[in-house]
Amino acid sequence: MSEDLLRRKFEHRFNLLDTDHDGYITEADLTALGDRLIAHLQEPPTSPKSRSVADSRTHYWRCLSRLAAPDADGRVSKDAFVAGLAASADSPRVREMVHPSIKADLALADRDDDGVVDIDEFTTLYTAIGVPTGQARDIFRVLDRNGDGSLDLDEWLEAADEFFTATDSTAPGNHILGRV
Ligand SMILES: [Ca+2]
Ligand SMILES: [Ca+2]
Ligand SMILES: [Ca+2]
């Protein structure tokens, strides 16, 4: 059962990263995703926040291509993605891949630069990756574990780590990217 949950989560993650829906993740998918966030939040493309988002996607791709062997055309299939994540779940490699993009996304979403993300800032970011507003608001409430109305970096990283490792169906981080 728990392995089913992990597989469902990894497949869900894959589908959101496969920006052009061709059944493979490529470096271009990750670049496009970063560009979409930057455009949606109307951040100037050359600002430090935008550069961090772009750099974090390059980093994500480099880590992913070590973790989930790309084919000869530089593409990671869904099976390779799921197998690579499953094989790395207990190592720091997934955290190393994911954390920089979360830090960059938090900074990008944090429009008033108070160091945390409120529900409106969160919802704006999430609609950019294709999560409907109502669902984004629900996700925010689950991830805001201390219920102070804002999401700080620790809460966000904890949820991401749970997403990639938790086999407990009640772990809040399971829903960081919407219902799985
Ligand atoms: Ca693709
Ligand atoms: Ca803020
Ligand atoms: Ca909080």
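The following paragraphs describe the fold, the helix packing, the nonpolar core and a few individual residues of this predicted model.

The overall architecture comes first. The chain contains eight helices and four strands, and from the N terminus these elements follow the order α-β-α-α-β-α-α-β-α-α-β-α. Along its principal axes, the C-alpha trace spans about 45 × 40 × 25 Å. The radius of gyration is 15 Å, which agrees with the value near 16 Å that a compact globule of 180 residues would have. Of the 180 residues, 37% are buried. Among contacts between residues at least 6 apart in sequence, 54% join residues at least 24 apart.

The UniProt record, through an unreviewed entry, lists "domain: EF-hand" for residues 5–40 and 131–166. In the model, residues 5–40 are 75% helix and 6% strand, with end C-alpha atoms 31 Å apart. For residues 131–166 the corresponding figures are 67% helix and 6% strand, and here the end C-alpha atoms lie 22 Å apart.

Helix 3 offers a helpful view of how the helices pack. This helix covers residues 48–67, and its 20 residues should span 28 Å at 1.5 Å a residue; the end C-alpha atoms are indeed 28 Å apart, so the expected and modelled spans agree. Its buried residues are Ser50, Val53, Ser56, Arg57, Tyr60, Trp61, Leu64 and Leu67. Because these residues cover an arc of only 140° around the axis, they sit on the same side of helix 3. The pattern fits a general rule: an α-helix has 3.6 residues a turn, so residues three or four places apart point the same way. The partners of the buried residues of helix 3 are helix 2 (27–40), strand 2 (76–77), helix 4 (78–88) and helix 5 (93–109).

Turning to the interior, the largest nonpolar core has 45 residues, and Phe81 and Phe122 have the most contacts inside it. Helix 5 supplies the largest share of this core, with seven residues. Leaving aside residues up to four places away in sequence, Phe81 touches Phe10, Phe14, Ile25, Ala68 and Val76.

Some individual residues outside this core also merit a look. Arg8 lies in helix 1 (residues 2–17). With 13 other C-beta atoms within 10 Å, Arg8 is classed as partly exposed. Arg8 and Thr124 are separated by 116 residues in sequence and by 25 Å in space, C-alpha to C-alpha.

Backbone geometry draws attention to two loop residues. Most residues other than glycine have a negative phi. His21, although not a glycine, has a positive phi of about 55°, and is found in the loop between helix 1 and strand 1 (24–25). His21 is exposed, because the 8 other C-beta atoms within 10 Å fall under the limit of 12 or fewer. Asp113 also has a positive phi of about 55° without being a glycine, and its place is in the loop between helix 5 and strand 3 (117–118). With 8 C-beta neighbours inside 10 Å, Asp113 counts as exposed.

Definitions and conventions
Residues numbered from 1 in each chain as written. Chains lettered and ligands numbered in written order. Predicted model: local features only at pLDDT ≥ 70, side-chain atom pairs only at ≥ 80, totals over all residues. Rg over C-alpha atoms; globule rule 2.2 N^0.38 Å. Buried ≥ 20, exposed ≤ 12 C-beta atoms within 10 Å, placed from the backbone. Contact = placed C-beta atoms within 7 Å. Expected span 1.5 Å × (residues − 1). Arc of directions from axis to C-beta. UniProt positions renumbered as here; feature names shortened; annotations may be inferred. Core = buried A, V, L, I, M, F, W, Y, C linked by C-beta atoms within 7 Å.
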